[in-house]
Amino acid sequence: MSQSTKVIRWGILGCGDVTELKSGPAYQKTEGFKVVAVMRRDADKAADYAKRHGISKYYSNADDLINDPEIDAIYIATPPDVHKLYGLKVAAAGKICCIEKPLAPNYQESLAIYNAFAAKNIPLFVAYYRRTLPRFDQIKTWLDTDCIGEIRHVRWHLSQPASSVDISGEYNWRTDVAVATGGYFDDLASHGLDLFTHLLGNIKEVSGISLNQQGLYSAKDAATACWIHDSGVTGSGSWNFGCYEREDTVEIYGSKGKIKFSVFENDSIVLCNQQGETKVVIQHPENIQLHHVKQMREDLLGNSKHPSTGLTGAHTSWVMDKIIGNL
């Protein structure tokens, strides 16, 4: 049976919060995809998830899900410290895979995952879903159609106050250095840095400074960086997770104008040039990974290339490691 006529049967490995609304339902809403099983180490929670989402099977053991002969593809939605462990097992099983971002906690593990799938020519996608959101498609269109002339520089500042969980000292894997060296930088900054390579091309040189200013947890909580894209566009960024207020501002400067937007907020994207100021609001879908998942199906059908793959995900991991000081 050809890929175009076959239903691709998915298993979700790790059905935590990200899969409840952001991603899981997107797989169920995509024509030609069917979620047939989920896995969570807590069998009761796995059973509850399966029941609530109308999924027929559940497992509490990852190997059982990966090796289920009725599953064609695996979506790995666990914390990143086990992405390599499970990714290599999925590659060994010869199954299509999508892995949550970041691809792994560091570049070396990301490269190992990428190489395992590339060696067997198995499709590997990474859930940097902003590459497929209509909001950012509009920005790419403005860039590609010379609305701001020659692109010169991109600048991003992201900051937010410490959360009540941070202050309390309650365990949070996102700020555990053993899981994510850069803490919220790994979790959040990766989205924007990956988006910039999608919009402006790969980064060829990057350097950064990172540290823990607050002493609230083991991972780092502040970073700054500068970089240059292959195209010659320069970039700078600052990320701080102990500031007075939340701010998320990106500006792309060109020879004839600039574009201003945020990576995470669903506010206006703004184009400023000689014709004046244009503001556009493009709402996200209810399930924010919907376009990402639908484009995986189009890629597997051979209709178009998905913009977020193991190769692009590994590149983002390299950029992150250079900034955080792992390389």
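Helices, in the sense used here, are DSSP runs of H or I with at least four residues, numbered from the N terminus. In this predicted model, two such elements, helix 9 (184-200) and helix 11, each supply at least two residues of the lining of the largest cavity. The points below take up the cavities, then the packing of helix 6 against helix 11, and then an open sheet of 8 strands.

**Cavities**

- The structure holds 2 cavities of 30 Å³ or more, and the largest cavity encloses about 80 Å³ of space.
- The lining of the largest cavity is made up of 13 residues, of which A104, P105, D186, M320 and D321 are the closest to its centre.
- Helix 11 gives the most to this lining of the largest cavity, with 4 residues, while by class the lining of the largest cavity comprises 5 nonpolar, 6 polar and 2 charged residues.
- The second largest cavity has a volume of about 40 Å³, and the residues that line it are P80, K101, P102, W173, A180, G183, D186 and D187.
- By class, the lining of the second largest cavity divides into 4 nonpolar, 1 polar and 3 charged residues.

**Helix 6 against helix 11**

- Helix 6 (residues 107-119) packs with helix 11 (residues 310-324) at an angle of about 170°, and the axes of the two helices lie 8 Å apart.
- Angles over 145 degrees count as roughly antiparallel, and helix 6 and helix 11 are therefore roughly antiparallel to each other.
- On the helix 6 side the contact involves Y107, S110 and Y114, which meet G310, L311, A314, S317, W318 and D321 in helix 11.
- Sorted by class, this contact of helix 6 with helix 11 has 5 nonpolar, 3 polar and 1 charged residues.

**The open sheet**

- The 8 strands of the open sheet follow the order 8-9-10-7-11-12-13-14, and their pairing is mixed.
- Strand 8 (203-211) and strand 14 (276-280) are the edge strands, each of which pairs on one side only.
- From one strand to the next, the twist averages 10°.
- Helix 9 packs on the sheet, where it touches strand 7 (151-159), strand 8, strand 9 (222-229), strand 10 (234-240), strand 11 (247-254) and strand 12, and the direction of helix 9 makes about 165° with that of strand 7.
- Within the sheet, strand 12 (residues 257-261) pairs with strand 13 (residues 269-273) in the antiparallel sense over 4 bridges, and C272 in strand 13 is the bridge partner of K258.

Terms used
Residues are numbered from 1 along each chain as its sequence is written. This is a predicted model: local features need pLDDT of at least 70, side-chain atom pairs count only at pLDDT 80 or more; totals for chains, interfaces and linings use all residues. Side-chain values use heavy atoms; hydrogens and water are left out. Axes are lines fitted to C-alpha atoms, for helices over the stretch in contact, and angles run from 0 to 180 degrees between N-to-C directions. Angles under 35 degrees count as roughly parallel, over 145 as roughly antiparallel, 65 to 115 as roughly perpendicular and the rest as oblique. Contact means heavy atoms within 4.5 Å. Ala, Val, Leu, Ile, Met, Phe, Trp, Tyr, Cys and Pro count as nonpolar, Asp, Glu, Lys and Arg as charged, and the others, Gly among them, as polar. On a 1 Å grid over the protein atoms alone, a cavity is a set of points where a 1.4 Å probe fits but cannot get out, and a pocket is an open set with protein on both sides within 12 Å along at least five of seven lines; lining residues have an atom within 4 Å of a point. Grid points are joined across faces, edges and corners, and a volume is the space filled by probe spheres set on the points. Two strands pair if DSSP finds at least two bridges between them.
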